[in-house]
Amino acid sequence: MKEKYIRIAGKLINDSFPLLKNKKISFFVFRFRFYAMSVWVPGFIRFIIMSSRTSTFNEDVITGILAHELCHQERYLKLGMLKYIWFALGFITSRKLQSVEEKATDRLTIEKGYGRQLYELSKIQFLDKKHERINEFYLSLEEIRSYSESIGKW
């Protein structure tokens, strides 16, 4: 599965993430409650952890996950090291900041042209009992479609 994630992420980076083209992003696959998580340890490593629970998802859903996670990486890069460290501390401690970040990342995912894939992912995520506590952090299905349509990316 890891090779599939790397292949899809590579295509996404080449097509839509010019800021990440020369950045090394490591991928890990674990049994994980969330579908994926994106982290940057400044000066050390950028990585995306994919849950082994995603192994049965189709390529559109995987694309939605990876586009969202790569948008996080792009946002982190734009913050720079010092701002990212402050952001990371706030993200860990503030549900409000988590919601702001996830919704902004969903909007960026849509702006890059991956609204339909994000929508397919969200159809699964909003039904998943393991995500009930965090679903409020993300755009709803209606918000994804509405925003996608409003900017001509549906």
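**Exercise 1.** Leaving aside its neighbours within four places in sequence, which residues is Leu12 in contact with?

*Solution.* Before we start, note that this is a predicted model, where local features need pLDDT of at least 70 and side-chain atom pairs count only at pLDDT 80 or more, while totals for chains, interfaces and linings use all residues. Residues are numbered from 1 along each chain as its sequence is written, and side-chain values use heavy atoms, with hydrogens and water left out.

Step 1: look for contacts, meaning heavy atoms within 4.5 Å. Step 2: with those sequence neighbours set aside, Leu12 touches Phe17, Thr63, Leu66, Ala67, Leu70 and Tyr114.

**Exercise 2.** Place Leu12 in the largest nonpolar core.

*Solution.* Step 1: a nonpolar core is a set of buried Ala, Val, Leu, Ile, Met, Phe, Trp, Tyr and Cys residues joined through side-chain atoms within 4.5 Å; buried means under 20% relative accessible area, exposed over 50%, and partly exposed in between (1.4 Å probe, protein chains only). Step 2: the largest core holds 29 residues, and Leu12, Ile65, Leu66 and Leu70 have the most contacts inside it. Step 3: α1 (2-16), β1, β3, α2, α4 (95-111) and α5 (115-125) each give two or more residues to this core. Helices (H or I, at least four residues) and strands (E, at least two) are DSSP runs, numbered from the N terminus. Step 4: α2 supplies the largest share of this core, seven residues. Step 5: another core lies apart from it, with nine residues, including Trp40, Phe47, Ile49 and Tyr76.

**Exercise 3.** Describe the ring pair of Phe28 and Phe47.

*Solution.* Step 1: rings of Phe, Tyr and Trp (its six-membered ring) pair if their centres lie within 6.5 Å; planes under 30 degrees apart count as stacked, over 60 as edge-to-face and the rest as tilted. The whole structure has ten aromatic pairs. Step 2: the centres of Phe28 and Phe47 are 5.7 Å apart and their planes stand at 85 degrees, so this pair is edge-to-face. Step 3: Phe28 belongs to strand β1 (residues 25-30) and Phe47 to strand β3 (residues 45-51), 19 residues apart. Step 4: Phe28 is partly exposed at 32% relative accessibility, whereas Phe47 is buried at 14%.

**Exercise 4.** Now try the pair of Tyr76 and Phe87.

*Solution.* Step 1: their ring centres are 5.8 Å apart with planes at 45 degrees, so the pair is tilted. Step 2: Tyr76 sits in helix α2 (residues 59-79) and Phe87 in helix α3 (residues 81-93), eleven residues apart in sequence. Step 3: both residues are buried. Step 4: Tyr76 and Phe87 join Trp40, Tyr84 and Phe91 in one aromatic cluster.
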